[in-house]
Amino acid sequence: MSTVAKTPHAIQPEFVAYDVQKVREDFPILHQQVHGKPLVYLDNAATTQKPFAVIEALEHYYSRDNSNIHRGVHELSERATNAYEKARAAVQQFINAADTREIIFVRGATEAINLVAQTYGRKNVGTGDEVLITAMEHHSNIVPWQILCEEKGAKLRVAPINERGELVLEEFEKLLTRNTKIVAVGHLSNALGTINPVKKIVKMAHAQNIPVLVDGAQAAPRMKVDVQDLDCDFYAVSGHKMYAPTGIGFLYGKARLLEAMPPWQGGGDMIASVTFEKTVYNRLPYKFEAGTPNIADTIGLGVAVEYLNNLGVDRIEEHEADLLAYATQEVQKIPGVTIIGTAREKAGVLSFIMEDIHPHDIGTILDSEGIAVRTGHHCAQPVMQRYNIPATVRASFGLYNTRDEVEALARGIRKVREVLG
Amino acid sequence: MSDDRELRDLYQEVILEHSKKPRNYGVLQSADHQAEGYNPLCGDHYTIFVNVKDSAISEISFQGSGCAISRASASMMTQALKGKSQAEAEALFTRFHDLVTGHGGDANALGKLAVFAGVSEYPLRVKCATLAWHAMRAALRGEQQAVSTE
């Protein structure tokens, strides 16, 4: 490899153009008409479509390998166990975790955050303590902490965002006090597209020995995540937002913290030995994986990670950055449109409103053009309150979207004005 | 298959006109009935105010915000209900509901409200068209809690 790199005219894999048309062939669902128009799927922040490789992995598992894991001595159980643990290794490498023991499979980012709130949180947050979040969080990174704070008599503190939708770091830092027991912050805002300076946030919090949980649901499919570089303590991810099946995701946690945390759910697989007098819990990561897990979808997640690796996360990032920049430019040209969320560091998400036209009406008219977008509050009601709007229209991009689709979106928005006058 | 014709059926001129210039819009001071309709997912939020005199609706108004369909529906509802008894209002509620959910019924009996027939082609928008109606019914029935059609 290194000898090739020295040759000036050699084409290195990273310089091969990103062939989006070829990528699209991997996604069967994209090749259909909706209301007589080619489907333009721009709702990727809600969920992404699945490549053949993932769909086939599920079919293969259920038609060849289905079995319970970690217990049988028979061939099928061994195959299922190997495939399941292979997925863990794939995830570990994908986010550069130090150890596979630090990857806990859960239903999704929501469950991952609840797990931390209910174990680490219940153990470490007490009366008068504080949990610090930001004003741009998804409900899944608000409500689990509210539940915890209510139970413990603790206080939920919220760091403000500016008009662009960026976290006000100075205010955030001021809110870190000796009462703060944990910080929970989104890596990439689903409603605004803002990328938070997680590394800086972690540094600030760690300076006061406060651990940081990062909600990575939107970031994991869109940018290179290196949990050791970020130095975050927990990182929560949903598989279905990164081209894997629904119902599977993972929690990364530093081994040292996970070891010290009480288990969350009790049951099979999470124990080393059980008597009626005393149960010894299993080692990591199994301590947090009670009961038969979602084996098939975990394997699907592993395959999705492989798929992303093959395409190259850096190239996906570049492709989506181009789409977002182009969409921002094209949508901004349309009279009466206001973009909500104009952070300098931004990815994947374009939220906007149109004067005197409600997002739902825009959504219906775009749908009639075969364009799928999300309209509503995007499970981030406090963000809507911050901008004093009931809802936005959100176009969110994925690795298979094209510039043509951006143009279709812009045409669709112009049609809204035509239809509604 | 949806096409522009269906879209124009949904967003008829009358509907767009009412959504831009809603009738009976505003707070009715000293209303003896009022109720709130709120769909948190989409953010549509209305309050319906009603005064009943001699067992008929003497005054009715609405206030709030939402999409074109919900706004026009609220506006045209207030026009249709003035002077109606509670029983008549309930009957109209049912007819309107049947119309927008595609359960047929007598469109003629709905008068101008028949323009909402196009909603039945858009099941996801039924909640928009019926929000003000549910709030109106809750107001007449004296229900305290905000209603939702989501």
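**Figure 1. Confidence along chain A of the predicted model.** Chain A has a mean pLDDT of 94, and 96% of its residues reach 70 or more. The structure is a predicted model, and one stretch of chain A stands apart in confidence: over residues 1-12 the pLDDT stays under 50. For residues 1-12 of chain A, the model has 4 contacts beyond four places in sequence.

**Figure 2. The seven-stranded sheet of chain A.** An open sheet in chain A holds 7 strands in the order 4-10-9-8-7-5-6, and the pairing is mixed. Its edge strands are strand 4 (103-106) and strand 6 (155-159), each of which pairs on one side only. From one strand to the next, the twist averages 20 degrees. Within this sheet, strand 8 (residues 212-215) and strand 9 (residues 234-238) of chain A are paired in the parallel sense, over 3 bridges. A:Asp215 has A:Ala236 in strand 9 of chain A as its bridge partner.

**Figure 3. Surroundings of A:Gly239.** A:Gly239 sits in the loop that connects strand 9 to strand 10 (249-253) of chain A. Is A:Gly239 buried or exposed? It counts as buried, because 34 C-beta neighbours lie inside 10 Å and 20 are enough for that class. Leaving aside neighbours within four places in sequence, the contacts of A:Gly239 include A:Ala244, A:Pro245, A:Ile248 and A:Gly249. A:Gly108, A:Asp297, A:Leu301 and A:Ala304 are also among its contacts. A:Val305 is 66 residues away from A:Gly239 along the chain, yet their C-alpha atoms are separated by 9.2 Å.

**Figure 4. Helix 11 of chain A and the loop before it.** Helix 11 covers residues 295-311 of chain A. At 1.5 Å a residue, its 17 residues should span 24 Å, and the end C-alpha atoms are 25 Å apart, which agrees. Of these 17 residues, 13 are buried, so helix 11 of chain A is largely enclosed by the rest of the structure. A:Gly312 follows the helix and has a positive phi, near 95 degrees. On the other side, the loop between strand 12 (279-281) and helix 11 of chain A contains A:Pro285. A:Leu284 and A:Pro285 are joined by a cis peptide bond, with omega about 0 degrees.

**Figure 5. The four-stranded sheet of chain A and helix 13.** A second view of strand pairing shows an open sheet of 4 strands in chain A, in the order 13-14-17-16, with antiparallel pairing. Strand 13 (337-340) and strand 16 are at the edges; each has a single partner strand, so one side of each has no neighbour in the sheet. The twist in this sheet averages 30 degrees from one strand to the next. Strand 14 (residues 349-354) and strand 17 (residues 392-396) of chain A run antiparallel and are joined by 4 bridges. In this pair, A:Phe352 stands opposite A:Val393 of strand 17. Helix 13 of chain A lies across strand 14, strand 16 and strand 17, and runs at about 160 degrees to strand 16.

**Figure 6. Two residues with positive phi, A:His378 and B:Asn24.** A:His378 has a phi near 55 degrees, a positive value in a residue other than glycine. Its place is the loop between strand 16 (374-376) and helix 14 (381-386) of chain A. A:His378 is buried, with 24 other C-beta atoms within 10 Å. In chain B, phi of B:Asn24 is near 50 degrees, again positive in a residue other than glycine. B:Asn24 belongs to the loop between helix 2 (13-20) and strand 1 (33-39) of chain B. B:Asn24 is buried because 20 other C-beta atoms lie within 10 Å, and the class begins at 20.

**Figure 7. The side of chain A that touches chain B.** How many residues of chain A are in contact with chain B? There are 15, and they meet 16 residues of chain B. On the chain A side, the elements that give two or more residues are helix 13 (359-368) and helix 15 (403-420). Helix 13 gives the most, with 5 residues. By class, the residues on this side of chain A divide into 9 polar, 5 nonpolar and 1 charged.

Notes:
Residues numbered from 1 in each chain as written. Chains lettered and ligands numbered in written order. Predicted model: local features only at pLDDT ≥ 70, side-chain atom pairs only at ≥ 80, totals over all residues. Contact = placed C-beta atoms within 7 Å. Nonpolar A, V, L, I, M, F, W, Y, C, P; charged D, E, K, R; others polar. pLDDT = per-residue confidence, 0-100. Pairing = 2+ DSSP bridges. Axes fitted to C-alpha atoms, helices over the stretch in contact; angles between N-to-C directions. Expected span 1.5 Å × (residues − 1). Buried ≥ 20, exposed ≤ 12 C-beta atoms within 10 Å, placed from the backbone.
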